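Please open the model in your viewer, with the sequence panel beside it, and follow the stops below in order. Each stop suggests a selection and then says what is to be found there.

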Amino acid sequence: NGQGCSFSPDGNYLAVAHDTTPFVTIYKRSGDTFTKLSNPSVLPTGNGQGCSFSPDGNYLAVAHSDTPFITIYKRSGDTFTKLSNPSALPTGNGYGCSFSPDGNYLAVAHGNTPFITIYKRSGDTFTKLSNPSVLPTGYGQGCSFSPDGNYLAVAHISTPFITIYKRSGDTFTKLSNPSTLPAGVGQGCSFSPDGNYLAVTHNNTPFITIYKRSGDTFTKLSNPSVLPASYAWGCSFSPDMGFLAVVHNNSPYITIYGTQEGGFVSPLTIPWGGIYIPSRYLGIALQNANQGELCKVNLFPALNLQEV
């Protein structure tokens, strides 16, 4: 079973975490062809649950089910070499991990208290920071840094289901909970590329909860008009902010939302000659497009749109 995946920032490598040895499979991309690389000489010790490339593509972290719960590789060309374990390890089953955008921090969501372990990187050494003074309330299932590295979100199994920290130097301070919480077990989370939205996947309807950030306040948006079909595991924004993808248990197994000013909509219906605004782009549709169809659109040059 594939449990997690991560592209390197340059798009040349794809890592897949899965539940049978070698527990991580790494592909090199050439155009549209993905070729499996030789396995690392030292493999993760248990089911791969999540993985994350560093922003420079030089490190790959794999969260897994057996001690040391996190395995970190350094890349040299197409070779991934395991680094020495951090001196302080996560305390339980590693479910998810996330590098900060500057590559200086690595967060690991895991199954025993403190449920989130945060490392600071210096060269090839990862040193555990002091735990946040307020911890997630249950198993950490997934985590995500904001693009500026100032916020860290942790999805977990007990209410409030999402815990959001603000970083100041090496200190992570819990923010007040959103006034409206996810409706069930937090399974995954993802910040948008502009840092203004946070999506959380969970096990009860509506299965996806989307927040808009204003400073340190996260306010729940209205639910999309069409919801994922079931228990949602993970989510990801496209780099251009045009789409939000959600993976879930039941058919169609993945639901993709178009982002528009003021909300997330599915399906997108664009009339002939209509205006197409996926958050950052402005253009004119050249043909009709209904549910599940593609549409030719003339995009205008990139505009610096902002709310007024």
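A strand, as the word is used on this tour, is a DSSP run of E with at least two residues, and strands are numbered from the N terminus. Please keep in mind throughout that this is a predicted model.

**The whole chain**

Begin with the entire chain in a cartoon view, where the secondary structure comes to 0 helices and 27 strands. Of its 308 residues, 49% count as buried, and the accessible surface comes to about 14100 Å², with 50% of that area belonging to carbon and sulfur atoms. If you turn on contacts between residues at least 6 apart in sequence, 37% of these join residues at least 24 apart.

**A loop with an exposed serine**

Next select Ser130, which lies in the loop between strand S12 (125-128) and strand S13 (140-145). Is Ser130 buried or exposed? With a relative accessible area of 68%, Ser130 is exposed, because the cut-off for that class is over 50%. Add Asp170 to the selection and draw a distance between the two C-alpha atoms: Ser130 and Asp170 are separated by 40 residues in sequence, while in space they are 8.5 Å apart.

**A loop with a buried serine**

Now move to Ser100, in the loop that runs between strand S9 (94-99) and strand S10 (105-110). Ser100 has a relative accessibility of 2% and therefore counts as buried, since the limit for burial is under 20%. Which residues is Ser100 in contact with, once its neighbours within four places in sequence are left aside? They are Pro55, Tyr105 and Phe145. Of this group, Pro55 can be selected together with Ser100 for a C-alpha to C-alpha distance, which comes to 7.8 Å although the two are 45 residues apart in sequence.

**Strand S6 and its two partners**

Select residues 59-64, which make up strand S6, and show their side chains; 6 of its 6 residues are buried. The cover extends to both faces, with Tyr59, Ala61 and Ala63 buried on one side and Leu60, Val62 and His64 buried on the other.

Then add residues 48-53, strand S5, which runs antiparallel to S6 and is joined to it by 5 bridges. To check the register, look at Gly50, which stands opposite Ala63 of S6. S5 and S6 form a hairpin with 5 residues between them, and in the turn Gly57 has a positive phi of about 75°.

Continue with residues 70-76, strand S7, which is likewise joined to S6 by 5 bridges and runs antiparallel to it. Here Tyr59 has Lys74 as its bridge partner in S7. S6 and S7 also form a hairpin with 5 residues between them, where Phe69 in the turn has a positive phi of about 75°.

**The open sheet at the start of the chain numbering**

For the last stop, select strands S1 to S4, which form an open sheet of 4 strands in the order S1-S2-S3-S4, with antiparallel pairing. Strand S1 (2-7) and strand S4 (33-36) stand at the edges and have a single partner strand each, so one side of each is left without a neighbour in the sheet. From one strand to the next, the twist averages 25°.

Finish by narrowing the selection to strand S2 (residues 13-18) and strand S3 (residues 24-30), which pair in the antiparallel sense over 5 bridges. Within this pair, Val24 of S3 is the bridge partner of Ala17.

Notes: Residues are numbered from 1 along each chain as its sequence is written. This is a predicted model: local features need pLDDT of at least 70, side-chain atom pairs count only at pLDDT 80 or more; totals for chains, interfaces and linings use all residues. Side-chain values use heavy atoms; hydrogens and water are left out. Buried means under 20% relative accessible area, exposed over 50%, partly exposed in between (1.4 Å probe, protein chains only). Two strands pair if DSSP finds at least two bridges between them. Contact means heavy atoms within 4.5 Å. Accessible areas come from the Shrake-Rupley method with a 1.4 Å probe; for residues, only the protein chains shown count as cover. Axes are lines fitted to C-alpha atoms, for helices over the stretch in contact, and angles run from 0 to 180 degrees between N-to-C directions.
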